[in-house]
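Me: I would like a close look at one part of this protein, with the reasoning spelled out and the surroundings followed as far as they lead. Please take the structure below as the starting point.

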Amino acid sequence: MQYPTPSSDAFPSATATGSPNTIDTRAGGAGAGPGGGPGGTHPVAAGAPAGSGPVSGVGAPACSGIAGGAGGSGDCGGTGESGAPGRTGIQSSIPTSTRPRESARRPLGPLPGGPGPVGDALFAARDRSRRPRLGETAAPANAGLAVRSRSSRRRDHTGAAMHTDPAAAVPAPGAAAGRSARTGVVGVAVLAVLAVAGLAWAKWLPYGAKATVLGHTRSWSGASSFAAAGTAPSWSGAVSFTAGYFAAVWRAALVALLVAAAIDALVPRRWLAAVLNRRTRLGQSVAGGAAALPSLMCTCCTAPVTVGLRARGATMTASLAYWLGNPVLNPAVLVFLFLVAPWQFGVVRLLVGVLLVVGGTALVTWLLGDRAAPTLPAAVAVDGRPGPVRLRDLPLRYLTSLGRFAAVLVPEYLLVVFALGWVSGPLARFDGLDARWGVLAVLVCAVVGTALVIPTGGEIPVVLALVAAGAHAGTIGALLITLPALSVPSMVLVGRALSWRATLTMAAAVVVAGLLAAALLAALG
């Protein structure tokens with residue numbers, strides 16, 4: 001085997017600053033100068049003692065391999081002020097910055113030393129000596145040896161190692177992404193079918209028929225739901241109120257559970273975020289409010305869907321806007337109001353409702369900042385679960401999510417509505433408050449209206465009865481917003497998902513909106 005001569009351009013002169021990657025491949029020889037010493041005479045025993053020459057250094061013992069010890073002088077070893085133990089393997093004296101890429105330097109034929117421990121050591125040392133380039137992470141010290149050990153098991157017909165890339169065995173990410181996208185499309189399609197069919201059955205068709213009747217009669221038929229609770233707290237009053245309430249909302253409540261479970265289990269998180277999670281709080285409130293318009297639900301039936309949205313990654317602002325937008329901006333109720341009530345009622349409801357849903361929700365989350373973090377219960381906390389990937393996983397995911405929502409939310413819903421029905425009769429006696437409380441009656445109506453629970457459109461017979469009784473416009477305006485917007489059962493259902501701080505702050509915003517509606521309706525006469 002021939003080695004380059006000292007005068008070759010492939011071996012630049014040594015400098016005073018040593019580089020561990022510029023190690024000469026020549027055999028050790030006698031140092032030039034007074035301090036020179038004998039060098040090795042064999043390519044595998046190339047160590048040399050200290051000497052003088054172009055650069056003085058301290059010699060180091062030779063190591064196994066083609067290259068000799070680093071350090072030394074003259075023809076022996078690498079450059080630097082002091083020698084270091086020689087490295088095994090073929091070390092090029094060309095600086096690292098001028099070497100070709102790793103893939104180009106990888107040998108195509110048998111490595112020097114042949115297969116076995118020596119060849120493996122050469123291959124590992126060559127990989128360890130390479131400096132990582134800009135933006136590249138240095139490989140572990142044994143990476144080259146590990147690759148060589150694996151690749152040495154497979155050889156071509158010439159006996160040369162066939163170097164295989166370990167990353168080639170990893171499946172392409174595009175295939176998994178394609179499967180996930182197809183599964184997401186199926187999940188969204190299932191959600192759309194459930195939402196359209198359920199809302200048509202529970203909301204759209206019944207409310208369309210009711211609007212047709214109201215358009216002909218121009219009068220509301222039926223009494224307030226609070227009449228069933230009686231005038232004093234009683235067991236029978238609570239049972240009657242609860243039975244009447246759920247008779248009015250059970251369809252919408254069932255659809256809400258089905259839709260909430262579909263959002264939680266079938267919709268990819270990134271897709272939901274792309275729809276609702278806008279860059280600004282105002283944009284998020286507009287997106288959440290717009291998504292609420294087709295649902296036509298009351299505040300309690302909206303609660304499971306709100307929990308599902310928040311658990312699936314919707315922002316606090318978008319979730320609050322969806323929660324408030326359903327009852328306050330309900331298009332069916334607005335049509336009913338314009339058909340059976342004075343036009344001022346519909347105008348106040350629309351203007352204050354938009355201000356509350358869009359501006360109020362954004363203001364609440366701005367005031368709370370990062371303190372409005374969700375604390376979901378274990379049965380509903382699915383925030384960290386990955387999105388669906390395989391199509392066959394969807395049925396089980398959906399049934400599991402539906403069972404969790406039903407097991408947590410339905411018992412709470414029943415118990416809180418029953419407890420509130422116990423006192424709803426006495427609390428709902430709004431007639432005569434003006435005479436007893438004066439201006440303070442408006443604040444009392446705003447607070448009590450935020451606590452009581454009614455079905456969709458349940459505020460219409462209440463305000464019409466107050467109009468017939470000659471109540472003040474401020475009292476009517478406060479109830480026009482606060483009665484449908486929130487209720488104690490609704491707040492209990494969403495409190496853990498949205499955080500109790502955000503829920504109670506939103507309730508305070510509803511009270512303020514009720515006072516604003518009272519002032520506006522009084523001004524409009």
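Leaving aside its neighbours within four places in sequence, which residues is L427 in contact with? Please continue from there into the helices around it.

Reply: A word on the source comes before the details: this is a predicted model, and everything below should be read with that in mind.

L427 is found in helix α12, and once its neighbours within four places in sequence are set aside, its contacts are V448 and L452. L427 counts as partly exposed because its relative accessible area is 40%, a value between the 20% under which a residue is buried and the 50% over which it is exposed. A further residue to look at here is T231, which is 196 residues away from L427 along the chain, with 8.8 Å separating the two C-alpha atoms.

The contact with V448 leads into helix α14, since V448 is one of the buried residues of α14, a list that also holds A441, V442, C445, A446, G449 and T450. These buried residues pack against α12 (394-427) and also against α13 (433-437), α16, α17 (488-498) and α18. The length of α14 can be checked as well: its twelve residues, 440-451, should span 16 Å at 1.5 Å a residue, and the end C-alpha atoms are 17 Å apart, so the two figures agree.

Two of the helices that α14 packs against, α16 and α18, can be described as a pair in their own right. The axes of α16 (residues 473-485) and α18 (residues 500-524) come within 7 Å and cross at roughly 145 degrees, and the crossing is right-handed. On the α16 side the residues that take part are A473, G474, I476, G477, A478, I481, T482 and A485, and they meet V510, V511, A513, G514, A517, A518, L521 and A522 of α18. Sorted by class, this contact has twelve nonpolar residues, four polar ones and no charged ones.

The loop between α17 and α18 holds S499, a residue other than glycine whose phi is nevertheless positive, near 85 degrees. S499 counts as buried because its relative accessibility is 6%, under the 20% cut-off.

From α16 the path goes on through A485, which, besides facing α18, is among the residues touched by P327. P327 lies in helix α9 (residues 316-328) and is buried, since its relative accessible area of 5% falls under 20%. Not counting residues up to four places away in sequence, P327 touches M297, C298, T299, R349 and P484 as well as A485. For T299 the separation from P327 is 28 residues in sequence, and the C-alpha atoms are 5.6 Å apart in space.

T299 is also where helix α8 begins, as this helix takes in residues 299-311; its 13 residues should span 18 Å at 1.5 Å a residue, and the end C-alpha atoms are 18 Å apart, so expectation and model agree. Helix α8 is mostly covered, with 13 of its 13 residues buried. Before α8, in the loop that joins α7 (281-292) to α8, sits L296, which has a positive phi of about 60 degrees although it is not a glycine. L296 is buried, because its relative accessible area is 9% and the cut-off is 20%. After α8 comes G313, whose phi is likewise positive, near 110 degrees.

One further residue, in helix α15 (residues 459-468), belongs in this account: L464. L464 counts as partly exposed because its relative accessibility is 22%, which is not under the 20% needed for a buried residue. When neighbours within four places in sequence are left aside, L464 is in contact with W220, V340 and A341; with W220 the sequence separation is 244 residues, while the C-alpha atoms are 8.6 Å apart.

To place these details in the whole chain, the secondary structure comes to 18 helices and zero strands. Of the 525 residues in the protein chain, 46% are buried, and the chain exposes about 24,100 Å², of which carbon and sulfur atoms supply 68%. Among contacts with a separation of 6 or more, 73% are accounted for by residues 24 or more positions apart; one pair with such a separation is L464 and W220.

Note on methods:
Residues numbered from 1 in each chain as written. Predicted model: local features only at pLDDT ≥ 70, side-chain atom pairs only at ≥ 80, totals over all residues. Heavy atoms only, no water. Axes fitted to C-alpha atoms, helices over the stretch in contact; angles between N-to-C directions. Helix = DSSP H or I, 4+ residues; strand = E, 2+ residues; numbered from the N terminus. Left-handed = near helix turned anticlockwise from the far one by under 90°. Contact = heavy atoms within 4.5 Å. Nonpolar A, V, L, I, M, F, W, Y, C, P; charged D, E, K, R; others polar. Expected span 1.5 Å × (residues − 1). Buried < 20%, exposed > 50% of the residue type's maximum accessible area, 1.4 Å probe, protein only. Areas by Shrake-Rupley, 256 points an atom, 1.4 Å probe, with all protein chains shown as cover.
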